[in-house]
Amino acid sequence: MSELLADLPSDLKERLRPSNMEEYLTCPLLSAFKRGWVPRAVQWTPNLTLGSAVHAGLKVLLGYVGDEDDAYAEVKRVMAEGYVPQEYWELEKLQKLACRGLDKALGALSLLARERRVVERKLYLGTPDLITETVLAQSLTITDTKCHLTPHGWTDDYATSLQQWAYVEEVSRYWDAPVEWYRILQVTFTPKVEAELVPFRVTPRARAFWRTILRDVSERIIQEYKGEAYRFTLAEEGPDTRPTVGNPASCHRYGRCVAFEACHEFQWDVSRMATLYTPRVKEATPSVQDPVR
Ligand code: SF4
């Protein structure tokens, strides 16, 4: 696997990362848009930074980097670093909220003392938050932390999350051991701070089913990358060959899609799009670290 991936260009590896494959499946058009354009400016909200702060605190504690004081200090540091001053949210309150989120997350995790664990290990393409080994059953459990500012009603969606099934595939291959469960550690910050651990069983039958879907989606992304399928391009790069099929079911799925105006008001007319979005400057993507086996 690592040898196969070593031959791929780094921007293709980036597209095949579990979270990006999930995005592709959500809407291929949106996925192409994000590669070419910087989405419109939206008012800052603390969602992402709160999530990063809780992730950082968990990494300190679960990865044995430091003690509780270090973890809470890291949470506050990350929150302050990502904070954008504005009227509605005060930094101090957000730092308290993030620390409370870490508190609740740790309470919900209930790790067993004898479980061995790996925190945020970069695998072939993905970096799952936490992998634990059940010593007796000699099987692995993946835990992915998801943070939300407000409660949402689609926990069941994670049963069909391409990102999670891609992690299952990667982790099983990386350690050559079965993954028996993946769990979503959900942290919600308002109206009160709560955390819940939602487990999903990985049966051999389900894994085989999702492997087929993963292969199919990867193949489509690779074809698109090679220009064998429709591809979104800027006007100056040549004819408009964007994917013709978006997924309208996703237009409001996670709030209003960032490409909504490009899609439904400007109909991908690049000159009109430029009034609201800026073309993305291509950045070098990080290379993937090969596993040590
Ligand atoms: S607005 Fe809808 S169809 Fe258009 S890119 Fe976004 S999710 Fe896809």
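Q: I would like to begin with one residue. Where does Lys-104 lie?

A: Lys-104 lies in helix H7. Keep in mind as we go that this is a predicted model.

Q: Is Lys-104 buried or exposed?

A: The general idea is to count neighbours: a residue with 20 or more other C-beta atoms within 10 Å of its own is called buried. Lys-104 has 20 other C-beta atoms within 10 Å, so Lys-104 is buried.

Q: Which residues does Lys-104 touch, not counting residues up to four places away in sequence?

A: Lys-104 touches Val-187, Val-193, Glu-194 and Ala-195. You can also look at Glu-196: it stands 92 residues from Lys-104 along the chain, yet the two C-alpha atoms are separated by 8.4 Å.

Q: How do I read helix H7 as a whole, and what should its 19 residues span?

A: Start with the length. Helix H7 runs over residues 91–109, and at 1.5 Å a residue it should span 27 Å; its end C-alpha atoms are 27 Å apart, which agrees. Just after the helix, Ser-110 has a positive phi, near 40°.

Q: Which residues of H7 are buried?

A: A helix has a rhythm to look for. An α-helix has 3.6 residues a turn, so residues three or four places apart point the same way. In H7 the buried residues are Leu-94, Gln-95, Leu-97, Ala-98, Cys-99, Gly-101, Leu-102, Lys-104 and Ala-105.

Q: What covers the buried residues of H7?

A: The cover includes two helices, H5 (47–62) and H6 (68–82). It also includes strands E4 (139–148), E5 (179–188) and E6 (194–201).

Q: Can we compare that with another helix? How far does helix H9 reach from its first C-alpha to its last?

A: Helix H9, residues 204–225, has 22 residues and reaches 31 Å, close to the 32 Å expected at 1.5 Å a residue. Gly-227, which follows H9, has a positive phi near 80°.

Q: Now the interior. Which residues of the largest nonpolar core touch the most other members?

A: The largest nonpolar core has 48 residues, and those touching the most other members are Val-54, Val-75, Ala-98, Leu-102 and Val-171. Helix H5 gives the most to this core, with 8 residues. Domain 1 (2–42 + 218–279) and domain 2 (47–213) both give residues to this core, so it lies between them.

Q: Which residues does Val-171 touch, not counting residues up to four places away in sequence?

A: Val-171 touches Leu-123, Pro-128, Ile-131, Leu-140, Ile-142 and Val-179. There is also a second, separate core of 12 residues, with Leu-30, Ala-32, Trp-37 and Ala-259 among them.

Q: What about a residue in a strand, such as Leu-130: buried or exposed?

A: Leu-130 has its place in strand E3. With 22 C-beta neighbours inside 10 Å, Leu-130 counts as buried. Leaving aside neighbours within four places in sequence, Leu-130 is in contact with Leu-62, Arg-117, Val-119 and Thr-143. Leu-62 is 68 residues from Leu-130 along the chain, and their C-alpha atoms are separated by 8.4 Å.

Q: How should I read backbone angles, and what is the phi of Glu-120?

A: Most residues other than glycine have a negative phi, and most peptide bonds are trans. Glu-120 is not a glycine, yet it has a positive phi of about 45°. It lies in the loop between strand E2 (116–119) and strand E3 (130–134). With 14 C-beta neighbours inside 10 Å, Glu-120 counts as partly exposed.

Gln-267, also not a glycine, has a positive phi of about 45°. Its loop is the one between H10 and helix H11 (270–273), and with 9 other C-beta atoms within 10 Å, Gln-267 is exposed.

Q: Which residues does a cis peptide bond join?

A: The cis bond joins Thr-190 and Pro-191, with omega about 0°. Pro-191 is found in the loop between E5 and E6.

Q: Last, the ligand. How many residues surround it, and which are the closest?

A: The shell has 13 residues, and the closest are Cys-27, Gly-246, Cys-251, Cys-257 and Cys-263. By type, the shell divides into 10 nonpolar, 3 polar and no charged residues. Helices H4 (28–36) and H10 (260–265) each supply at least two residues of the shell. The largest share, 3 residues, comes from H4.

Key: Residues are numbered from 1 along each chain as its sequence is written. This is a predicted model: local features need pLDDT of at least 70, side-chain atom pairs count only at pLDDT 80 or more; totals for chains, interfaces and linings use all residues. A residue is near a molecule or strand if its C-beta atom, placed from the backbone, lies within 6 Å of it. Helices (H or I, at least four residues) and strands (E, at least two) are DSSP runs, numbered from the N terminus. Ala, Val, Leu, Ile, Met, Phe, Trp, Tyr, Cys and Pro count as nonpolar, Asp, Glu, Lys and Arg as charged, and the others, Gly among them, as polar. The expected span of a helix is 1.5 Å times one less than its number of residues. Two residues are in contact if their C-beta atoms, placed from the backbone, lie within 7 Å. A nonpolar core is a set of buried Ala, Val, Leu, Ile, Met, Phe, Trp, Tyr and Cys residues joined through C-beta atoms within 7 Å. Domain bounds come from an automatic or database domain assignment.
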